[in-house]
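Subject: Structure for your files

Hello,

Here is the structure I said I would pass on. My notes on it follow below.

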Amino acid sequence: MIDFQKVLENEQSLDPQKWDEMKTLAHQMVDDMFAYLQNIRNEPVWRKPTQESKANLDKPLPQKGEDITQIYQSFKENILPFNKGNVHPRFWSWVQGTGTPFAMMAEMLAAGMNPNAAIGEHSAMYVENQVIDWCKQMLNYPAEASGLLLSGGSMANITALLIARNNFEDKNIRQKGLKAAPHQLVLYASTETHSCVQKAVEVCGLGSEAIRNVRVNADFQMDIAHLKELIAKDRKNGFAPFCIVGNAGTVNTGAIDPLDDILEVCKHENLWFHVDGAFGALAKLTPEYQTALKAIESADSIAFDLHKWMYMPYEVGCLLVKDKEAHRNSFALQPSYLLSHERGLAAGPDPITNYGMELSRGFKSLKVWMSFKEHGIEKFATLVRQNIAQAFYLESLIKQEPMIELLAPVTMNIVCFRFNPQNLTEEKLFSLNKEILMRLHEDGLAAPSYTILHGKYAIRMANVNHRSQKSDFEALVSDVIRLGLAIS
Ligand SMILES: *Cc1c(COP(=O)(O)O)cnc(C)c1O
């Protein structure tokens, strides 16, 4: 038997014993992080974690508490210096946002309040709904639409496809499972579609063979004639088309599918129109991309990230769904322990958990709410436009350099290119450019990433960085040439 009496005589908590001491350290942490962000330009983009730092992160489970000052010291020595680098002005890898100092502080406030933003009558529920409403206004999406904040684009895409699947005709797939569908459901997406869509289709229980890979044209946009051909063939062969995924900015090159044409096909064929606009949807804030992205307003669902092109700290993505009931019907459940009450803490807005898989949810809307207010949407539009202008600037620099070859048309914020001194085989160019990229990283000069286009290794610059300046792109071009000449 446990001696409970003794336990009760010695009650403890996780709060500090010396509040003032921790508060002093906390102020130091704020000072240090502000200095870190303020001086980040003078640091290398990336540093390889040292053997020592890795060894220090490979220790047994602590049994006893340690001194917080020493823990913080270990953070400063073993963790902070080996950061990924997406806070740096010359980071353009994958598609990764930069974060901001004010949003960093919002994260601290959210963690301090620590509400579970799932259910109840409390401020986080209203902040969340406010941010969803602002996201709709930002994209000129219907005001009656529903929405949900998620950890990112992958989760927003899968949530959208689950809703599309569950609402296929009146088959009650949510209740009866896929066996209720008259035929194998199939979905259409271009070959340039992000891999998270395949994962989503797999998790939806359809199997990856349910994806029809639509060809792309020379500009990496969906070939609509091929799309129509595939749908006709599927209908003839007894498959059940249910959804088309359009890309508003593909991950490889930033291509925008012909969304108007896809919308047309969806209407004609009675299919769910989902848009993956992970970063590209935000280009809708600029006058130049209004037309190309107009069809987003008519999409059944749109997935996009706020941690990419809205520069929020990780994580926060958004899903908007035009038909609120279709959305709610896919996830709502009211077990006895989650019933909404008329008054008290268990009252409040429709539980957010009725709109997605997650029950426990953090207060990720606070950083968005504070940041939208801090800058105003016009400032974000200016920065998105600046990032696009910088990509075209890099393209113009590349076009002036006979030793650098553009590998895809620049349409938004992504530039794919390679060093090509004209006298090397394809095989050699592949390994040379890969080597150049690894050297750029290792020397801490710049962090573009990579992709493979038509078998060619491309150095890929994806710009969702509010700290980048013109000179950073000039440095990238000269570093690539210098390294290329030195290695080849
Ligand atoms: C980044 C990205 C995703 C995935 O979003 P996460 O936030 O990383 O989960 C999906 N589609 C496209 C086009 C992307 O760029």
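The structure holds 23 salt bridges. Keep in mind throughout that this is a predicted model.

Salt bridges

One of the salt bridges pairs the side chains of Arg90 and Asp472, with an N to O distance of 3.3 Å. This pair links distant parts of the chain, 382 residues apart. Arg90 sits in the loop between helix H4 (68–79) and strand S1 (91–92), while Asp472 belongs to helix H17 (residues 470–487). Both Arg90 and Asp472 are buried. Arg90 and Asp472 are also part of a salt-bridge network that takes in Arg41.

A second pair is Arg361 and Glu128, whose side chains meet in a salt bridge at 2.5 Å, N to O. Arg361 is in the loop between helix H13 (324–331) and helix H14 (365–375), and Glu128 is in helix H6 (residues 123–139), so this salt bridge ties together parts that are 233 residues apart in sequence. Arg361 counts as buried because its relative accessible area is 4%, which is under 20%. Glu128 is buried as well, at 2% relative accessibility.

The salt bridge between Arg482 and Asp479 has its closest N and O atoms 3.1 Å apart. Here the partners are three residues apart in helix H17, so about one helical turn separates them. Arg482 is partly exposed, with 45% relative accessibility, whereas Asp479 is buried at 12%.

The ligand

There are 14 residues around the ligand, and those that come nearest are Gly153, Ser154, Asp276, Asp305 and Lys308. By class, this shell is made up of five nonpolar, six polar and three charged residues.

Which distances separate polar side-chain atoms from oxygen atoms of the ligand? For Ser154, a polar side-chain atom is 2.6 Å from a ligand oxygen. For Asp305, an N or O atom of the side chain is 2.7 Å from an oxygen atom of the ligand. For His307, the distance from a polar side-chain atom to a ligand oxygen is 2.9 Å. Taken alone, the ligand exposes 380 Å², and the protein buries 85% of that.

The surface

Ile2, Phe4, Val7 and Leu8 make up a nonpolar patch on the surface, with a combined accessible area of about 410 Å². Ile2 lies in the segment before helix H1 (4–9). Is Ile2 buried or exposed? Ile2 is exposed, because its relative accessible area of 55% is over 50%.

Lys179 is in the loop between helix H8 (173–176) and strand S3 (185–190). At 74% relative accessibility, Lys179 is exposed. A polar atom of the Lys179 side chain lies 2.7 Å from the backbone oxygen of Lys176. From Lys179 to Phe419 the separation is 240 residues in sequence, and 53 Å in space from C-alpha to C-alpha.

Backbone

Three places in the backbone are worth a look in your viewer.

- Tyr314 and Glu315 are joined by a cis peptide bond, with omega about -5 degrees. Glu315 is in the loop between strand S7 (301–305) and strand S8 (317–321).
- Trp94 is not a glycine, yet has a positive phi of about 45 degrees. Trp94 is found in the loop between S1 and helix H5 (101–113), and counts as partly exposed at 37% relative accessibility.
- Asn140 also has a positive phi, about 55 degrees, although it is not a glycine. Asn140 is in the loop between H6 and strand S2 (146–150). With a relative accessible area of 46%, Asn140 is partly exposed.

Some of these places belong to stretches mentioned above. Helix H6, which holds Glu128, comes before the loop with Asn140. Strand S1 follows the loop that holds Arg90, and the loop with Trp94 runs from S1 to helix H5. Strand S7 (301–305) comes before the loop with Glu315, and Asp305 is one of the residues that come nearest to the ligand.

Regards

Terms used: Residues are numbered from 1 along each chain as its sequence is written. This is a predicted model: local features need pLDDT of at least 70, side-chain atom pairs count only at pLDDT 80 or more; totals for chains, interfaces and linings use all residues. Side-chain values use heavy atoms; hydrogens and water are left out. A residue is near a molecule or strand if one of its heavy atoms lies within 4 Å of it. A polar contact is a pair of N or O atoms within 3.5 Å; within protein, one must be able to donate a hydrogen and the other to accept it, and residues adjacent in sequence count only if both atoms are side-chain atoms. Accessible areas come from the Shrake-Rupley method with a 1.4 Å probe; for residues, only the protein chains shown count as cover. Ala, Val, Leu, Ile, Met, Phe, Trp, Tyr, Cys and Pro count as nonpolar, Asp, Glu, Lys and Arg as charged, and the others, Gly among them, as polar. Patches are made of residues with over 30% relative accessible area and no salt bridge: like charges are joined within 9 Å, nonpolar side chains (Val, Leu, Ile, Met, Phe, Trp, Tyr) within 5 Å. A salt bridge is a side-chain nitrogen of Lys or Arg within 4 Å of a carboxyl oxygen of Asp or Glu. Helices (H or I, at least four residues) and strands (E, at least two) are DSSP runs, numbered from the N terminus. Buried means under 20% relative accessible area, exposed over 50%, partly exposed in between (1.4 Å probe, protein chains only).
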